[in-house]
Amino acid sequence: MALLLHSTPERGAVWGRIFADAGEGFIADEAGVTDPALVTHLACWTPPADLARYPNLRTVICVGAGTDHFPPLPPGVALSRTLAPGIEAMVRDWVVMAVLALHRDLPAYLEDAARGAWQPRPARLARSRRVGIMGMGRIGRLAAESLGALGFSVAGYSRSGAPVEGVAVFGADRLDDFLAGADILVCLLPLTDRTRRMMNDAFLARLPAGAGLVQAGRGAQLDMDALRRALDSGRLSAAMLDVTDPEPLPADHWAWTDPRVLITPHVAAHTDAAEGARHALAVIRADRDGQPVPGLVDRSRGY
Ligand code: GLV
């Protein structure tokens, strides 16, 4: 039984030490595989091309949170996504930064600053601003807690509408009500057939006039042309995106130079190597003990 890591040598060194301490079999890269039958677990961001090479593969572990980029796996091979406090906290931090940036008009002040224009604008209290978070998984709940602590009036949206303590959660049947109450909309949804291109003209039109958009889900959820039209019509006042369509965003894309849009290049979270290795160890142990695998992805659901 061994885990094969498909990553960088730097990460391999960190994982190697942690696996050695734990007494678990570890192969730092494909070149080190002497007997493919030994490989029972594979950890990677993008899997190597030929997984059928490993006849005893049980679980593939994605070292990130989103697994939409994974191809179908061989029959019987499970997929686990990394649950790591570091990833969750980093995305939460990015979302809080983006909500505050839109709440306090940072895009407009950056535009003023580029022209050397000293131009104070009116400011609002956080408690008068309604933030709507789409995606009430672990990261959504963490973001809701932090934004609530800052005073924002926070609501959540999830497909099921399952209750979350301290947050009003709207289900799919109440999406219109949820959107109508989102002065700043935050997207943390996974990419699935239901969420692909979900944020189109009709969707954005249901937000209050002048809303802000914070996108930390997946680029393909937002129609970038619809974003531009919503900004031009005043439906949206500004947006901050960590994910775009396409990625990387071409250097001549309109969104780079539009002062109403702030972009970071898909960096909201990085998986800490040690945390990733610890998640993988938890998967291996759960697998061995016949326990539920942490972070197991339901591929029919898409997350
Ligand atoms: C990054 O986008 C991740 O899914 O971890």
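Visitor: Which residue of β4 does Ala43 stand opposite?
Guide: This is a predicted model. Strand β3 covers residues 39-44 and strand β4 covers residues 59-62. The two run parallel, joined by four bridges. Opposite Ala43 in β4 stands Ile61.

Visitor: What is the strand order of the open sheet?
Guide: The sheet has five strands with parallel pairing. Its edge strands are β2 (25-27) and β5 (78-81), each paired on one side only. Neighbouring strands are turned by 25° against each other on average, direction ignored. The order is β2-β1-β3-β4-β5.

Visitor: What angle does the direction of helix α9 make with that of β4?
Guide: Helix α9 spans residues 273-289 and packs on the sheet. Helix α9 touches β1 (2-6), β3, β4 and β5. Its direction and that of β4 make an angle of about 160°.

Visitor: How many aromatic pairs does a search of the whole structure find?
Guide: Trp15 and Phe19 make one pair, and Tyr157 and Phe178 another. The search of the whole structure gives a count of four.

Visitor: Why is the pair of Trp15 and Phe19 called stacked?
Guide: Planes under 30 degrees apart count as stacked. The ring centres of Trp15 and Phe19 are 6.0 Å apart. The pair is stacked because its planes lie at 10°.

Visitor: Where do Trp15 and Phe19 both lie?
Guide: The two residues are four apart, about one turn of the helix. Both are buried. Ring pairs also link them with Phe26 into a cluster. Trp15 and Phe19 both lie in helix α1 (residues 9-22).

Visitor: How many residues apart in sequence are the parts that Tyr157 and Phe178 tie together?
Guide: Tyr157 and Phe178 are both buried. Tyr157 lies in strand β7 (residues 153-157), and Phe178 lies in helix α5 (residues 175-180). Their pair is tilted, with 5.6 Å centre to centre and 35° between the planes. The parts they tie together are 21 residues apart.

Visitor: Is Asp112 buried or exposed?
Guide: Asp112 sits in helix α3 (residues 106-114). The cut-off for buried is under 20% relative accessible area. Asp112 has 3% relative accessibility, so the residue counts as buried.

Visitor: Which side chain makes a polar contact with the side chain of Asp112?
Guide: Not counting residues up to four places away in sequence, Asp112 touches Ala117, Gln119 and Arg121. The charged end of Arg121 sits over the ring of Tyr109, 5.3 Å from its centre. The polar contact of Asp112, at 2.5 Å, is with the side chain of Arg121.

Definitions and conventions. Residues numbered from 1 in each chain as written. Predicted model: local features only at pLDDT ≥ 70, side-chain atom pairs only at ≥ 80, totals over all residues. Heavy atoms only, no water. Pairing = 2+ DSSP bridges. Axes fitted to C-alpha atoms, helices over the stretch in contact; angles between N-to-C directions. Contact = heavy atoms within 4.5 Å. Phe/Tyr/Trp six-rings, centres within 6.5 Å; stacked < 30°, edge-to-face > 60°. Buried < 20%, exposed > 50% of the residue type's maximum accessible area, 1.4 Å probe, protein only. Lys NZ or Arg CZ within 6 Å of the ring centre and 35° of its normal. Polar contact = N/O pair within 3.5 Å; in protein donor to acceptor, adjacent residues only side chain to side chain.
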